[in-house]
Amino acid sequence: MNVIPLLTDPNAWAALVTLTLLEIVLGIDNLVFISVLTTRLDPDKARRARQIGLSLAFIFRIIMLAGLTWLMGLTAPVVTLFGMAISWRDIILIGGGLFLIAKATHEIHSEVEARESGTAVSSTKEAFAWIVLQLVAVDLVFSLDSIITAIGMAE
């Protein structure tokens with residue numbers, strides 16, 4: 001593949017800038033979720049939870065990239081609803097979106113109730129493990145969204 005025409009193509013540069021901006025926006029969403037999840041822990045445990053959660057999420061993201069070709073190939077219709085063909089890829093994306101909506105609603109609700117009732121910050125090992133698990137799950141969903149966005153922009 002000749003790279004020089006790609007480097008001089010204004011469309012390629014516009015796509016790179018657009019993709020970069022989209023990744024920044026998606027990254028900010030991820031940071032908001034991480035900060036909301038870790039506010040329930042004391043500062044030392046919160047820092048440790050972020051490190052462990054993001055490290056595990058990084059490892060899982062690499063694994064997801066390896067399986068991405070398979071995921072993007074799941075475009076064969078599985079079911080048709082209201083005249084729309086839905087593939088496994090669509091089901092995975094819809095499921096991820098619903099997970100993020102449910103998680104955001106739950107976290108906002110928990111945060112508001114904790115402030116109203118004056119509940120103390122939890123610091124048990126179970127809470128720590130649960131928050132790390134949630135960090136990994138949320139980051140995986142955001143990673144999937146980010147990867148699908150990048151592939152959608154690529155030719």
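A nonpolar core, for this tour, is a set of buried Ala, Val, Leu, Ile, Met, Phe, Trp, Tyr and Cys residues joined through side-chain atoms within 4.5 Å. Keep that in mind as you click around, and remember that the model is predicted.

**Start with the whole chain.** Color by secondary structure and you should find six helices and two strands. Walking along the sequence, the pattern reads α-α-α-α-β-β-α-α. Now switch on the surface: the accessible area is about 10400 Å², and carbon and sulfur atoms account for 72% of that. Of the 155 residues in the chain, 25% are buried.

**Next, select the core.** Pick L41, A49, I131 and L135: within the largest nonpolar core, which has 14 residues, these four touch the most other members. Then highlight α2 (10-38), α3 and α6 (125-153), the elements that each give two or more residues to this core. Which of them gives the most? That's α6, with seven residues.

**Now hop to I62.** You'll find I62 in helix α3, which spans residues 43-66. Is I62 buried, exposed or partly exposed? Its relative accessibility is 46%, so I62 counts as partly exposed; the partly exposed band lies between the 20% and 50% cut-offs.

**Draw a distance from there.** Select the C-alpha atoms of I62 and S143: the gap is 9.8 Å, although the two residues sit 81 apart along the chain.

**Last, zoom out and show contacts.** Take the contacts between residues at least 6 apart in sequence: 77% of them join residues at least 24 apart.

Conventions: Residues are numbered from 1 along each chain as its sequence is written. This is a predicted model: local features need pLDDT of at least 70, side-chain atom pairs count only at pLDDT 80 or more; totals for chains, interfaces and linings use all residues. Side-chain values use heavy atoms; hydrogens and water are left out. Helices (H or I, at least four residues) and strands (E, at least two) are DSSP runs, numbered from the N terminus. Buried means under 20% relative accessible area, exposed over 50%, partly exposed in between (1.4 Å probe, protein chains only). Contact means heavy atoms within 4.5 Å. Accessible areas come from the Shrake-Rupley method with a 1.4 Å probe; for residues, only the protein chains shown count as cover.
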